[in-house]
Amino acid sequence: MVAALVVEVTAYLISHDTGDAFVQRDAVTLALGGVAGAVVGAAVFVRYSMTRFLRFWMARQSYDLSLLTDHLYERSAPDGLASADPASR
């Protein structure tokens, strides 16, 4: 994404430093390619950021549901089973 921004700025400077129409058109085309590269780079960044966040969220939710299940099981179990060894469940 950063490389695309550098390409865009460079193409902008090239297009404004010359009077030749062919060079200006080439620079504009290069700048549009840089915009496309920046959009793709931003999309990839957002995708991997969301993946990391959602992985953490899923692990947290799994842990919370496990605690809730254990709490509900202990509440509904008879007195003798609540203090029993978890391996015998």
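I started with the word I needed most: buried means under 20% relative accessible area, exposed over 50%, and partly exposed in between (1.4 Å probe, protein chains only).

Before going on, I noted that this is a predicted model, where local features need pLDDT of at least 70, side-chain atom pairs count only at pLDDT 80 or more, and totals for chains, interfaces and linings use all residues. Residues are numbered from 1 along each chain as its sequence is written, and side-chain values use heavy atoms, with hydrogens and water left out.

**Overview.** I found three helices and zero strands in the protein chain (DSSP runs numbered from the N terminus: helices are H or I with at least four residues, strands E with at least two). I looked up burial too: 11% of the chain's 89 residues count as buried.

**Helix H1.** I saw that H1 covers residues 2-17. Its buried residues are Ala4, Glu8, Ala11 and Ser15. They fall within an arc of 70° seen down the axis, so they line one face of the helix (the arc is that of the directions from the helix axis to the C-beta atoms). That buried set packs against H2 (contact means heavy atoms within 4.5 Å). On the other side of H1, I listed exposed residues, including Val2 and His16.

**Salt bridge.** I looked for a side-chain nitrogen of Lys or Arg within 4 Å of a carboxyl oxygen of Asp or Glu, and the count came to one. Asp64 pairs with Arg60, with the closest N and O atoms 3.4 Å apart. Both sit in helix H2 (residues 21-76), four residues apart, about one turn. I checked their cover: Asp64 is partly exposed at 35%, and Arg60 is partly exposed at 48%.

Terms used:
The expected span of a helix is 1.5 Å times one less than its number of residues.
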